[in-house]
Amino acid sequence: MKKQNSIGQPYRRIEGALKVTGRAKYAAEYQVEDLLYGYVVNSKITKGRIESIDESATRAVDGVVEVFHHDNRSSLPRFDLLYSDMDAPPGSPFRPLYDNKIQFAGQPVAFVVAETFEAARYAASLLTVHYAEEEFDVDLKANMDKARDPSKGLATFIKPLPPGPRGDFEKAYAAADERFEGKFHHGSQHHNPMEMFATTTVYEGDGKLTIYDKTQGTSNSQIYVSNLFGLSMSDVRVIAPFVGGGFGSGLRPQYQLVFSVMAALELKRNVRVSMDRRQMFTFGHRPETFQHTRFGATKDGTLTAINHEAFAETSNFEDYNEVVVNHANMLYPADNVTLDYKLIPLDRFTPMDMRAPGGSTGMLAIETTMDQLADQLDLDPLEFRLRNYAERDVSSDKPFSSKELKECYRQGAERFGWNERQPTAKKVRRGNRLVGHGMSSGIWDVIALPGKATATFTAEGKLIVESAVTDNGQGTYTVMTQIAADQLGLPLESVSFKYGDSKHPLSPIQGGSYTTGVIGSAVKAACLKLKDKLFHLAQIMDGYPLGDALPEDTIFTDGAIILKKDPSVRIPLTDIIAFNRGEAVSVSKSNVPNLLKIKQYTRAAHAATFVEVEVDEQLGVINVTRAVTAVAAGKIMNPKTARSQILGGMVWGISMALREETLLDNNLGKYVNTDLGEYHIPVHADVHQLDVIFVPEEDRIINELGAKGIGEIGVISMAPAIVNAVYNATGKLVKVFPIKLGDLL
Ligand code: MOS
């Protein structure tokens, strides 16, 4: 009796054809009758007050319906309610149009609603806002003396602050045979998903709203809108089945959602508000960060001392935090450790999670520091990491729930041909290009959260599974369908996963690489409960076909329950529904992680990346000619979509190391490269041979599925491996990222 197994199969995305043929609709694409369009006006100053707004020219434009700003916005019963959204850091969240105060450049100050998008945009350009400018401070480097501890809150529970010191760092560092000290910097980065933020709000009458929103959490947007506008949750429905990339930008509701809903409620009309590419640079971003590392080791290559400090920007109204400095001692068991993480509040918008927040930042400093020490010790970088391999997490004194990093090193090195690496710079040339090899470890913490799902078996023989979760494009829809199919032994075609809609069971925001673990476990739990219910119905069917068989004596396969010892006893699931008077059987189930158990372990996905670069000696141009990333992230649900996740992460790593930075002019207080012409990301010509290995790993502790998550682990080890390869090629260590052409000349 063979049970169907779709988990582990490389299925294509179920919605793939819809997307490539343009039939998948995104938030700004829904055809809605009598639609009004909003266009947002952003502040031209960085800090100060709005003194007055002259609307006359704007209102004179044909088709303009209304102009909203702080002076005439609708009253909002709970506008200053502190609860904001599922990803809100501690502080008092920014509310658009709250008052006349300007707190950051690009802050939305008004929005114009018109019968057409063109009229709204043109009319918005005619709005005259008179400002009283105040002095601002956006310069991170100049304000290092303001560095302070982050305030504690829910965010610091999910993203823990650094552990306290161990041993005596200063003494051990002074006594070390080899020491390396590094000062690193990277600028801000803005997420730029293909789909820009947009919301189409349909006014259903009686204050009921249907909202098509670009978001990473339909439940999150629903709760946010209900709270802000004082509406009942049941009157607010948020729909987002297709999301054109998020990378963290959609973890918090953005201002177009507020405006779309505000106008719909006020005008009792349907309203769409979309942002343009420049406006995508007016909210959260990866924070600019300075880092300082000091690592010490003995002659034989044992790491004895680790000091890692990070200084990151935040806004003057919220304390955004991320895990930057916690990982070195999780990976390398030195006994003398001091870690520090500080925030510096500035007149900028609050940073927010961007793919592998903190981890990618911290590991860039940690892993390049490791390579420099290896170089000083005359050790191969991989050998140095193996000599300091942590079998146990000494930083928290806990075992790992599972850790196949050693296997990542081994398989990655073999596939790459690491043993051919030349330890000395400028040894290998191809024409006028220097060739270098570099590697890096990767680690990403596994976050466990509760999740909920509904499972229904219908008279038509279909399994319907529901969750409000979104699919940012990585394959959640397909993977959830696979997980559900396997529980009831059904082919994929018999399963329909309903998602991306707040009417389904509440889901956390889709982020932190936890969706497969959290929602996947809930889907599994709901399906198991449904299976149980179907079995108990079958037991009491006419003639008692199952006799005294227990659930474990049967198997669900091919749409039927079959007796293991006598497969001729076969009860089609549709017969069970018929016996149930034709009524579908439906269950709902929450999956709550067993914190008592999992808290006893350090839970993380691991990776190792190996990179080859070519550096043009005359021009300083860097090409990442090939790279291999080996990943151990627990059970892989779908190797095709998982591979795409890692490939995307690797491309992002190229971007971090070589391209991406939002440049801030400290005198203007503004970002100056706010479009995709000047905000550089890798293009096809930058992406060469990328290879992904999944090292077998099944985590029996983390969750029922054994899955750790793969959304972020692919980013983390790529950038440091590139920096290390550039060092290996040129003998130059660049510590200010992204690396620029001039750095190598
Ligand atoms: Mo991710 S930065 O948690 O969307």
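The second largest pocket of this predicted model holds about 620 Å³ of space. Its lining is made up of 29 residues, and those that lie nearest the centre of the pocket are Asn42, Ser43, Gly106, Arg278 and Thr282. Three elements, β1 (35–42), α3 (117–125) and β29, each give two or more residues to this lining, and β1 provides the largest share, with 4 residues. By character, the lining of the second largest pocket divides into 13 nonpolar, 10 polar and 6 charged residues.

Apart from this pocket, the structure holds 2 cavities of 30 Å³ or more. The largest cavity has a volume of about 190 Å³ and is lined by 21 residues, among which Phe94, Tyr224, Pro253, Gln254 and Phe349 lie nearest its centre. In the lining of the largest cavity, 12 residues are nonpolar, 5 are polar and 4 are charged.

Arg278, one of the residues nearest the centre of the second largest pocket, also takes part in a salt bridge, its partner being Asp675. Side chains of opposite charge can pair when their charged atoms come close. By the rule used here, the count comes to 40 salt bridges, and three of the pairs are set out below.

| Pair | Closest N and O atoms |
|---|---|
| Glu318 and Arg252 | 2.7 Å |
| Arg278 and Asp675 | 3.3 Å |
| Glu697 and Lys708 | 2.8 Å |

Where along the chain do Arg278 and Asp675 lie? Arg278 is in the loop between β11 (270–274) and β12 (289–297), whereas Asp675 is in the loop between β29 (670–671) and β30 (689–694), and the pair thereby links distant parts of the chain, 397 residues apart. Asp675 counts as buried because its relative accessible area is 18%, which falls under the 20% limit for that class.

Glu318 and Arg252, which form a salt bridge with each other, likewise link distant parts of the chain: Glu318 belongs to the loop between β13 (303–315) and α8 (328–331), Arg252 belongs to the loop between β10 (236–239) and α7 (255–267), and 66 residues separate them. Both Glu318 and Arg252 are buried.

In the pair of Glu697 and Lys708, whose side chains meet in a salt bridge, both residues lie in the loop between β30 and α17 (713–716), so the contact ties together parts that are 11 residues apart in sequence. Glu697 and Lys708 are both buried. Salt bridges also join into a network, one that links Arg430, Arg433, Glu612, Glu614 and Arg626.

Another contact across the sequence involves Glu15, which is found in the segment before α1 (16–20). The C-alpha atoms of Glu15 and Tyr477 are separated by 8.0 Å, although these residues are 462 residues apart along the chain. Is Glu15 buried or exposed? Glu15 is buried, because its relative accessible area is 1%, under the 20% limit.

On the surface, Leu154, Phe157 and Ile158 make a nonpolar patch of about 320 Å². Leu154 lies in helix α4, which covers residues 154–158, and counts as exposed because its relative accessibility is 58%, over the 50% that this class requires.

The backbone has some features that call for separate mention. Most residues other than glycine have a negative phi, and most peptide bonds are trans. Ala356 has a phi near 55°, a positive value in a residue other than glycine, and Asp397 also has a positive phi of about 55° although it is not a glycine. Ala356 lies in the loop between β14 (336–346) and α9 (359–376), while Asp397 lies in the loop between β15 (392–393) and β16 (398–399). In their surroundings, Ala356 counts as buried because its relative accessibility is 0%, whereas Asp397 counts as exposed because its relative accessibility is 54%.

Which residues are joined by a cis peptide bond? The bond runs between Phe737 and Pro738, and its omega is about 0°. Pro738 lies in the segment after β31 (736–737).

How values were computed: Residues are numbered from 1 along each chain as its sequence is written. This is a predicted model: local features need pLDDT of at least 70, side-chain atom pairs count only at pLDDT 80 or more; totals for chains, interfaces and linings use all residues. Side-chain values use heavy atoms; hydrogens and water are left out. A salt bridge is a side-chain nitrogen of Lys or Arg within 4 Å of a carboxyl oxygen of Asp or Glu. Buried means under 20% relative accessible area, exposed over 50%, partly exposed in between (1.4 Å probe, protein chains only). Patches are made of residues with over 30% relative accessible area and no salt bridge: like charges are joined within 9 Å, nonpolar side chains (Val, Leu, Ile, Met, Phe, Trp, Tyr) within 5 Å. Accessible areas come from the Shrake-Rupley method with a 1.4 Å probe; for residues, only the protein chains shown count as cover. On a 1 Å grid over the protein atoms alone, a cavity is a set of points where a 1.4 Å probe fits but cannot get out, and a pocket is an open set with protein on both sides within 12 Å along at least five of seven lines; lining residues have an atom within 4 Å of a point. Grid points are joined across faces, edges and corners, and a volume is the space filled by probe spheres set on the points. Ala, Val, Leu, Ile, Met, Phe, Trp, Tyr, Cys and Pro count as nonpolar, Asp, Glu, Lys and Arg as charged, and the others, Gly among them, as polar.
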